[in-house]
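Work through the following exercises with the model open beside you, and try each task before you read its solution.

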Amino acid sequence: MDEKLLEQARALAERRKTTLNAMVRSLLEHEVEQEDRVAWAKAGMKRLMEEARAKAALDDGEPYVWNRRDAYADREDRLLSRHERPDLRGFGEEES
C-alpha cells in the first residue's frame with residue numbers, strides 16, 4: 001500500500017476514534033455483504049424468469065405479463081395498497 005495513503009488512512013481512523021484495522025474490517029464486511037445481496041437478487045430474478053416461462057408454457061405459449069404482486073410474492077408484508085402508503089412525492093397533499 002502506498003505510504004501516503006496509509007498515513008491518510010491512519011489519520012482518518014484517528015479522527016473517527018477507531019483503528020485502521022477496524023476500518024478495514026468494516027469495509028471488507030460491507031463488500032462481502034454487497035456480494036451476498038447481489039447473489040440473492042440474481043437467484044431471485046432467475047427464479048422469477050423460470051416461473052414466467054413455466055406459466056407461459058401452461059398458457060399455450062402466450063407470454064406471461066408480470067405484475068407487482070408476482071414480483072413481490074415472497075414479500076407480501078411489504079406490499080401496501082395505494083391508500084395505505086404515504087405519498088412520498090407530495091402529490092395529493094393539501095396545502096395548509
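The exercises below go from the overall fold to single helices and then to pairs of side chains.

**Before you start**

This is a predicted model, in which local features need a pLDDT of at least 70 and side-chain atom pairs count only at pLDDT 80 or more, while totals for chains, interfaces and linings use all residues. Residues are numbered from 1 along each chain as its sequence is written, and side-chain values use heavy atoms, with hydrogens and water left out.

**Exercise 1. Describe the secondary structure of the protein and the confidence of the model.**

Step 1: Helices (H or I, at least four residues) and strands (E, at least two) are taken as DSSP runs, numbered from the N terminus. Counted in this way, the protein has three helices and zero strands, and its pattern along the sequence reads α-α-α.

Step 2: Turn to pLDDT, the predictor's confidence in each residue, from 0 to 100. The average for the protein is 78, and 65% of the residues score at least 70. Confidence is highest in helix 1, with a mean of 96, and lowest in helix 3 (residues 68-71), with a mean of 68.

**Exercise 2. Find out how much of the protein is buried and what its surface is made of.**

Step 1: A residue is called buried under 20% relative accessible area, exposed over 50%, and partly exposed in between (1.4 Å probe, protein chains only). Of the 96 residues in the protein, 9% are buried.

Step 2: By the Shrake-Rupley method with a 1.4 Å probe, the protein exposes about 9100 Å², and carbon and sulfur atoms supply 53% of this area.

**Exercise 3. Compare the span of helix 1 with its expected span, and then examine its two sides.**

Step 1: The expected span is 1.5 Å times one less than the number of residues. For the 13 residues of helix 1 this gives 18 Å, which agrees with the 18 Å between its end C-alpha atoms.

Step 2: Leu6, Ala9 and Ala13 are the buried residues of helix 1. Seen down the helix axis, these residues fall within an arc of 65° (taken from the directions from the axis to the C-beta atoms), so they line one face of helix 1. Lys4, Glu7, Glu14 and Arg15, on the other side of helix 1, are exposed.

Step 3: Helix 2 is included in what covers the buried residues of helix 1, where contact means heavy atoms within 4.5 Å.

**Exercise 4. Locate Lys17 and describe its backbone.**

Lys17 is found in the loop between helix 1 (3-15) and helix 2. Its phi is near 55°, a positive value in a residue other than glycine, and Lys17 counts as exposed at 75% relative accessibility.

**Exercise 5. Describe helix 2 and find its salt bridges.**

Step 1: Helix 2 has 39 residues and reaches 57 Å from its first C-alpha to its last, close to the 57 Å expected. Its buried residues include Met23, Gly44 and Leu48.

Step 2: Side chains of opposite charge can pair when their charged atoms come close. A salt bridge requires a side-chain nitrogen of Lys or Arg within 4 Å of a carboxyl oxygen of Asp or Glu, and the count here is two.

Step 3: Glu33 pairs with Arg37, with the closest N and O atoms 2.8 Å apart. Because Glu33 and Arg37 are four residues apart in helix 2 (residues 20-58), about one helical turn separates them.

Step 4: Glu51 pairs with Arg47 at 3.1 Å between the closest N and O atoms, and both lie in helix 2, four residues apart. Glu51 is partly exposed at 35%, as is Arg47 at 36%.
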